[in-house]
Amino acid sequence: KMTFEMLEQSSIDLERLVRARLVRGLALELDRTIGFGSGIGNEPLGIVSHPEVKSIVLGVNGAPLTWDALIDMQTELAAANALTEGSSGYVINARTRGKLMKTLDQSTGGGNWIYQSQGGNMGSIAGYKALCSNQILNNLVKGTATNLTSAFFGDFSNVLLGIWSGMDVMANPYTEFSQAIIQVRAMQLADLNLSRVDHFCVCTDIINS
């Protein structure tokens with residue numbers, strides 16, 4: 001929502017701010033849909049919801065993400081000849097990354113931190129690149145647990161994202177006319193598909209606490 005006073009400002013910076021916020025909102029929603037799109041109604045089918053994507057289960061009520069489980073995700077793809085060397089990698093959220101940065105890859109005899117930071121959003125896990133996305137939620141439910149999250153491993157070049165138009169912006173000056181408030185809405189026509197479903201493995205019952 002924008003007030004009439006905001007629109008009367010002579011500086012172009014405000015318009016840039018609004019556009020940037022709208023673009024960011026659409027980008028975050030596309031990011032979320034790639035991972036968790038339900039496939040219901042107008043929402044595309046994301047990786048987690050796809051019935052043919054491979055998965056690793058940690059526990060009845062979830063469990064911490066371990067070195068063994070991360071290797072199992074790689075093994076699931078390798079056993080199906082679906083492990084793409086050079087382009088496969090992990091995607092986790094910030095809380096999972098923080099947990100793995102403080103967790104050793106072996107419980108005895110020293111070892112290395114599971115997540116190896118390379119600066120910024122870049123890192124590696126078990127020899128593969130690892131990226132962070134906070135569109136991976138921390139409130140998933142399984143059994144008695146209500147604070148679970150997910151991790152992805154696969155070749156994300158197999159995510160085909162189709163964009164049918166640029167960002168369409170529509171203004172509604174009527175609904176809150178008496179308050180001199182204009183509603184601004186951004187829309188994006190998009191769809192996605194997985195060209196190789198067998199190139200992904202997910203884990204959806206991770207406890208970080």
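Trainee: Why does T96 count as buried?

Mentor: Buried means under 20% relative accessible area, exposed over 50% and partly exposed in between, with a 1.4 Å probe and protein chains only; T96 has 0% relative accessibility, so the residue counts as buried. This is a predicted model, in which local features need pLDDT of at least 70, side-chain atom pairs count only at pLDDT 80 or more, and totals for chains, interfaces and linings use all residues. Residues are numbered from 1 along each chain as its sequence is written, and side-chain values use heavy atoms, with hydrogens and water left out.

Trainee: Where is T96 placed, and which residues does T96 touch?

Mentor: T96 sits in helix α4, residues 94–101, helices being DSSP runs of H or I with at least four residues, and strands runs of E with at least two, numbered from the N terminus. Leaving aside residues up to four places away in sequence, T96 touches L65, T149 and N208, where contact means heavy atoms within 4.5 Å.

Trainee: How do you know that C203 is not bonded to C201?

Mentor: A disulfide is a pair of cysteine sulfur atoms within 2.5 Å, whereas the sulfur of C203 is 7.9 Å from the closest cysteine sulfur, in C201, and therefore too far for a bond. A search of the whole structure finds zero disulfides; C132 is in none either, the nearest cysteine sulfur, that of C203, being 16 Å away. With a relative accessible area of 17%, C132 is buried, and C203, at 0%, also counts as buried.

Trainee: What makes K142 and D205 a salt bridge?

Mentor: The definition asks for a side-chain nitrogen of Lys or Arg within 4 Å of a carboxyl oxygen of Asp or Glu, and the closest N and O atoms of K142 and D205 are 2.8 Å apart, which satisfies it. The pair links distant parts of the chain, with K142 in strand β7 (residues 140–142) and D205 in strand β13 (residues 200–206), 63 residues apart. K142 is partly exposed at 25% relative accessible area, while D205 is buried at 2%.

Trainee: Why is E43 called partly exposed, and with which residue does E43 form a salt bridge?

Mentor: E43 has 24% relative accessibility, so the residue counts as partly exposed. E43 forms a salt bridge with R32, the closest N and O atoms being 2.7 Å apart. R32 also meets E29 in a salt bridge, at 2.6 Å from N to O, and E29, R32 and E43 are thus linked in a network of salt bridges.
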